[in-house]
Amino acid sequence: MKARLIPFTALASLLLVTGPAFGKARPAAERGNRPALSIGSPTNGRLEGGRELLGREGLKLKRPTAARWGLPQLVSLLERGARRVRIRHPRSVLLIGDLSRRGGGEIAAHSSHESGRDADVGFYFVDPRGTPVEITRFRAVDSQGRAVGERRLTFDVARNWTLIQAWLTDPQVRVQHIFVAAPLRQRLLRYARERGVSLPLLHRAALALKQPRDGLLHDDHYHVRIACPPRQRSVCVAEPIAKAGRPKGKTPRKREGKRREFDSGTEAQKKGLLARVR
Ligand SMILES: [Zn+2]
């Protein structure tokens, strides 16, 4: 992963507030009623006062032990998105994977998910009769939209687009990006265009949806990241920063899993993606 430059003033204020190591989150009792904070970057950060995501109607956690804390803004975005899909498409259940650990910081099998702004989210599927099928694990999808190893399941573009639309038009939270494999991205954008979605929303989706250049393809789940809340820009770093920026002596512990998620995407790349969908 490439290091990204962040303005010196932002970095300086970040160090002043957090210390260079983005150490442990303070207990809630010490924090009083202060709002939850996303401190540092998604790849080198922590979370203070995060909210726990709980399973509910229309929303299920992939496994109970999953890291399930995030900024309240992220948690509420996931809840609202699942609810909007369920209103339009009854019986829909959204499967959620990892968010951040309580307090954030490093997390197994991910290079990000450290600052309470990231979540992994499963796709919606239908069977050959078009009936919604609830999944219990993330399922990879091929370029034809069929689940790998379970051919009777198809990526349900209608419900998946409803979710994407809900996220991108959320009245309270700004989504920074949504990682997803290129063929699925194209499928979603084509569907939106055919449905007559407004041009601004179509462009917004073209910018927000992207396949990472390296790491996971994201052909079995979305990775949604929300933007830094406006009032947290002195401590919250929007883009990933290199692990090499860690102070001496603090080495990442060994991670589980063969593959890890990586972040990528530049402004130029976004413009290229936009050009392709036009
Ligand atoms: Zn992820």
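1. Start with L78. Beyond its neighbours within four places in sequence, L78 is in contact with L53, L59, I96 and A119. Please keep in mind that this is a predicted model. Two of the names just met turn up again in the core. The largest nonpolar core has 54 residues. L74, L78, I96, I178 and L188 have the most contacts inside this core. Which helix gives the core its largest share? Helix α3, residues 72-88, does, with six residues.

2. Now the overall picture. The protein has seven helices and 13 strands. Of its 278 residues, 40% count as buried. Look also at how far along the chain the contacts reach. Take the contacts between residues at least 6 apart in sequence: 72% of them join residues at least 24 apart.

3. Strand β13 deserves a close look. This strand covers residues 222-226, and five of the five are buried, so β13 is largely enclosed by the rest of the structure. Which way do its residues point? Y222, V224 and I226 point one way. H223 and R225 point the other way. All are buried, on both sides of the strand.

4. Next, the partners of β13. Strands of a sheet pair through backbone hydrogen bonds, either parallel or antiparallel. Strand β7, residues 118-121, is joined to β13 by four bridges, and the two run antiparallel. Strand β11, residues 175-179, also pairs with β13 in the antiparallel sense, over four bridges. Follow H223 to see both pairings. D120 stands opposite H223, and F179 stands opposite H223 too. One residue along in β13, V224 has I178 opposite.

5. Stay with β11, which has a further partner. Strand β12, residues 209-210, pairs with β11 over two bridges. Is this pairing parallel or antiparallel? It is parallel, whereas β11 and β13 pair in the antiparallel sense. I178 is a useful residue to trace here. Its bridge partner in β12 is L209, and in β13 it stands opposite V224. I178 is also among the residues with the most contacts inside the largest nonpolar core.

6. There is also an open sheet of three strands. What is their order? The order is β9-β8-β10, and the pairing is antiparallel. The edge strands are β9 (132-133) and β10 (154-155), as each pairs on one side only. Strand β8, residues 125-126, is joined to β10 by two bridges, and these strands run antiparallel. For one such pair, look at V126: its bridge partner in β10 is T154.

7. Turn to the helices. Two packed helices are described by the angle between their axes and the distance between the axes. Helix α4 (residues 157-168) and helix α6 (residues 199-208) pack at about 95°, with axes 11 Å apart. Angles of 65 to 115 degrees count as roughly perpendicular, so α4 and α6 are roughly perpendicular to each other. From α4, the contact uses I164, Q165 and L168; from α6, it uses L201, R204, A205 and A208. By class, these residues are five nonpolar, one polar and one charged.

8. Helix α6 packs against α5 as well. The axes of α5 and α6 come within 10 Å and cross at roughly 180°. That angle makes α5 roughly antiparallel to α6. Where do they meet? L189, A192 and R193 of α5 meet L202, A205 and A206 of α6. The contact of α5 with α6 has five nonpolar residues, no polar ones and one charged. Note that A205 serves in the contact with α4 and in the contact with α5.

9. Finish with L184. This residue lies in helix α5, which covers residues 182-194. Is L184 buried or exposed? L184 has 24 C-beta neighbours inside 10 Å, so it counts as buried; the cut-off for buried is 20 or more. Leaving aside neighbours within four places in sequence, L184 is in contact with V141, F155 and D219. L184 can also be set against L209. The two are 25 residues apart in sequence, but 9.5 Å apart in space, C-alpha to C-alpha. L209 is the bridge partner of I178 in β12.

Notes: Residues are numbered from 1 along each chain as its sequence is written. This is a predicted model: local features need pLDDT of at least 70, side-chain atom pairs count only at pLDDT 80 or more; totals for chains, interfaces and linings use all residues. Two strands pair if DSSP finds at least two bridges between them. A residue is buried if 20 or more other C-beta atoms lie within 10 Å of its own, exposed if 12 or fewer, and partly exposed in between; C-beta atoms are placed from the backbone. Two residues are in contact if their C-beta atoms, placed from the backbone, lie within 7 Å. Axes are lines fitted to C-alpha atoms, for helices over the stretch in contact, and angles run from 0 to 180 degrees between N-to-C directions. Angles under 35 degrees count as roughly parallel, over 145 as roughly antiparallel, 65 to 115 as roughly perpendicular and the rest as oblique. Ala, Val, Leu, Ile, Met, Phe, Trp, Tyr, Cys and Pro count as nonpolar, Asp, Glu, Lys and Arg as charged, and the others, Gly among them, as polar. A nonpolar core is a set of buried Ala, Val, Leu, Ile, Met, Phe, Trp, Tyr and Cys residues joined through C-beta atoms within 7 Å.
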